[in-house]
Amino acid sequence: MSDAVLETIGLARSFTQGGETIEVLRGVNLAVAPGEIVALLGPSGSGKSTLLQAVGLLEGGFEGSIRIAGAEAAQLDSHQRTVVRRDRLGFVYQFHHLLPDFDARENVVLPQLIHGAGQAAAEARADALLAALGLGHRLTHRPSQLSGGEQQRVAVARALANRPALVLADEPTGNLDEQTADVVLAEFLRLVRGEGSAALVATHNERLAAKMDRVVRLHDGVLQ
């Protein structure tokens, strides 16, 4: 898929433990089209997080090809990987990882300032994203003053702040109760689609995966 926002070819990862070689990823071939939201479904230990770490350029030691927005990324040096993560990718984790001493707006403004945006433009963008997620009245609240669902909404806004081509989400609602998870996922999908980003969302939840555009399954490091 030449126009894919993400493409992996023969992606493999193994490590040695106690003299035994453990294959975590076994020749994964995956393509995600621009604007497509793909569920990466699999049980714990299937390699979902390892795959996201690979395509998110967060860890080395992989074999195969990773192409992001048409550019080969697997062999980039540390600085180049940082630039790709900053300019092309957004991340949402199971735990929000918000900066505790910054309020909701500031958590969304900061990555934009690092990206080179001006203060006024960054604040306007943050306010618009947070309002779209129903947090227009919580802009100046710190994470400790927000509910779990609200914290995760801020994390979603932060991930989309720099208009990434691809959002990588690792069990983004896994730390929430079922009702809150449904609401947060619906808002995540609506906002990602509205922004025109693609997304690869790791989950073990069949019901949540069914809400996305396409489902791929990872089992014992093999994509099915």
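Here is a short chat about a predicted model, covering its sheet, its biggest pocket and two loop residues.

This is a predicted model, where local features need pLDDT of at least 70, side-chain atom pairs count only at pLDDT 80 or more, and totals for chains, interfaces and linings use all residues. Residues are numbered from 1 along each chain as its sequence is written, and side-chain values use heavy atoms, with hydrogens and water left out.

Reader: Which strands stand at the edges of the open sheet?

Author: Helices (H or I, at least four residues) and strands (E, at least two) are DSSP runs, numbered from the N terminus. Six strands form an open, mixed sheet in the order β6-β7-β8-β3-β9-β10, where two strands pair if DSSP finds at least two bridges between them. Each edge strand has a single partner, so one side of it lacks a neighbour in the sheet; these are β6 (89–92) and β10 (222–223).

Reader: Do β3 and β9 run parallel or antiparallel, and what stands opposite Ala39?

Author: Strand β3 (residues 37–41) and strand β9 (residues 214–219) pair in the parallel sense, over four bridges. The residue in β9 opposite Ala39 is Val215.

Reader: Which elements give two or more residues to the lining of the largest pocket?

Author: A pocket, on a 1 Å grid over the protein atoms alone, is an open set of points where a 1.4 Å probe fits, with protein on both sides within 12 Å along at least five of seven lines; lining residues have an atom within 4 Å of a point. The largest one is lined by 19 residues, with Phe91, Pro111, Ile114, Arg158 and Asn162 nearest its centre. The elements you want are α2, β6, α3 (104–115) and α5.

Reader: Is Asn162 buried or exposed, and which backbone oxygen lies 3.2 Å from a polar atom of its side chain?

Author: Asn162 sits in the loop between α5 (148–160) and β7 (166–170). Buried means under 20% relative accessible area, exposed over 50%, partly exposed in between (1.4 Å probe, protein chains only), and Asn162 has 18%, so it is buried. As for the polar contact (a pair of N or O atoms within 3.5 Å; within protein, one able to donate a hydrogen and the other to accept it, and residues adjacent in sequence count only if both atoms are side-chain atoms), the backbone oxygen belongs to Pro111.

Reader: What is the relative accessible area of Ser197?

Author: Ser197 is in the loop between α6 (178–195) and β8 (198–203). A polar atom of its side chain lies 2.7 Å from the backbone oxygen of Pro164. Ser197 is buried, at 2%.
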